[in-house]
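Trainee: I want to learn how to read a ligand site and a cavity. Can we work through an example?

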Amino acid sequence: MSGILDGKVAIITGAGSGIGRAASRVFARERARLVLADWVEAGGNETLRLVQDLGADAVFIKTDVSRWEDVKAVVTKAVATFGRVDCAFNNAGIEGESAVTHECSLENWNKVIAVDLTGVWLCMKAEIEQMLKQGHGGAIVNTSSGAGLAGVRGMPAYVAAKHGVAGLTKAAAVEYGRHKIRINAVCPGPIRTPMMARLLGERPDAEQRFARGGPLKRLGEAEEIAEAAAWLCSDRASYVTGVPMPVDGGFMAQ
Ligand code: NAP
């Protein structure tokens, strides 16, 4: 059976949990060969087992996306294992501490920017370098957020980083279109993942209150973001580039 990513070599960061794990499974179903990266070894290895059970060729590499040496090692591993890099889902991210702008610590600011913005740029830098060497183009999808399109209270570094990812996506799309490298972003709304569970905390009615705020009256599932990322990475999206695409049950349409 063929899939929309048949034979493509795909890097997925943040593969050990939430959206990254769901993407790993969807990309495997669509017949991609996978290079899974996460800084949590146990989560990454569990995702590796899940995709291998689906029949995928895959490797896991422990990676901190905010470290250039780690990110270079991911691309090196992809080339050593599968011979090339065709697409990438740069998805790893952290939410950071909750604090309004004047109370946000410099430490929290630096940490969130390092992972959520610099991390995406480092991944793109290494992936694009490899794709240019190969000379056949490629597709990159970055994870921004609804918080990359509008302000959200209590997470200034996250909002700044995710707006940065949306901007970087457009800048790189403009730069590398002539090399047939398409670069897009997904902007998830509230998605049921471990990160969202941490943000909602212990309050029992928090999820329902949040869900009621959107047109579809529910949170999204990680698989719904994964499906969009797989499509954007595939040749079916051949004329789509430079788009920070909301996948948010209509939250941003309000
Ligand atoms: P998640 O369940 O926390 O999964 C993210 C994974 O990335 C975790 O395994 C995490 O490890 C890992 N990670 C964090 N920093 C890393 C680093 N420096 N290097 C490598 N791996 C790292 O979160 P998620 O909800 O799936 O989020 C995935 C992406 O979607 C993030 O970029 C997030 O900002 C974005 N997003 C999520 C939502 C949502 O509602 N869930 C909405 C909009 C955007 P740790 O568990 O140790 O942090």
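Mentor: Start with a polar contact, a pair of N or O atoms within 3.5 Å. Here a polar side-chain atom of Asp64 sits 3.0 Å from a nitrogen atom of the ligand. The side chain of Arg198 has an N or O atom 3.1 Å from a ligand oxygen atom. Ile19 uses a polar backbone atom, 2.8 Å from an oxygen atom of the ligand. The protein covers 92% of the 870 Å² of accessible area that the ligand has on its own (Shrake-Rupley method, 1.4 Å probe). This is a predicted model: local features need pLDDT of at least 70, side-chain atom pairs need 80 or more, and totals for chains, interfaces and linings use all residues. Numbering runs from 1 along each chain as its sequence is written, and side-chain values use heavy atoms, without hydrogens and water.

Trainee: Which residues come nearest the ligand?

Mentor: A residue is near if one of its heavy atoms lies within 4 Å. Of the 29 around the ligand, Ser17, Ile19, Tyr158, Ile191 and Thr193 come nearest. Helices are DSSP runs of H or I, at least four residues; strands are E, at least two. α6 (194-200) gives the largest share of the shell, 4 residues.

Trainee: How many cavities of 30 Å³ or more are there?

Mentor: A cavity is a set of points on a 1 Å grid over the protein atoms alone where a 1.4 Å probe fits but cannot get out; lining residues have an atom within 4 Å of a point. Volume is the space filled by probe spheres set on points joined across faces, edges and corners. The search finds 1, of about 40 Å³. Its lining includes Val71, Val74 and Glu127. α3 gives the most, 3 residues.

Methods. On a 1 Å grid over the protein atoms alone, a cavity is a set of points where a 1.4 Å probe fits but cannot get out, and a pocket is an open set with protein on both sides within 12 Å along at least five of seven lines; lining residues have an atom within 4 Å of a point. A polar contact is a pair of N or O atoms within 3.5 Å; within protein, one must be able to donate a hydrogen and the other to accept it, and residues adjacent in sequence count only if both atoms are side-chain atoms.
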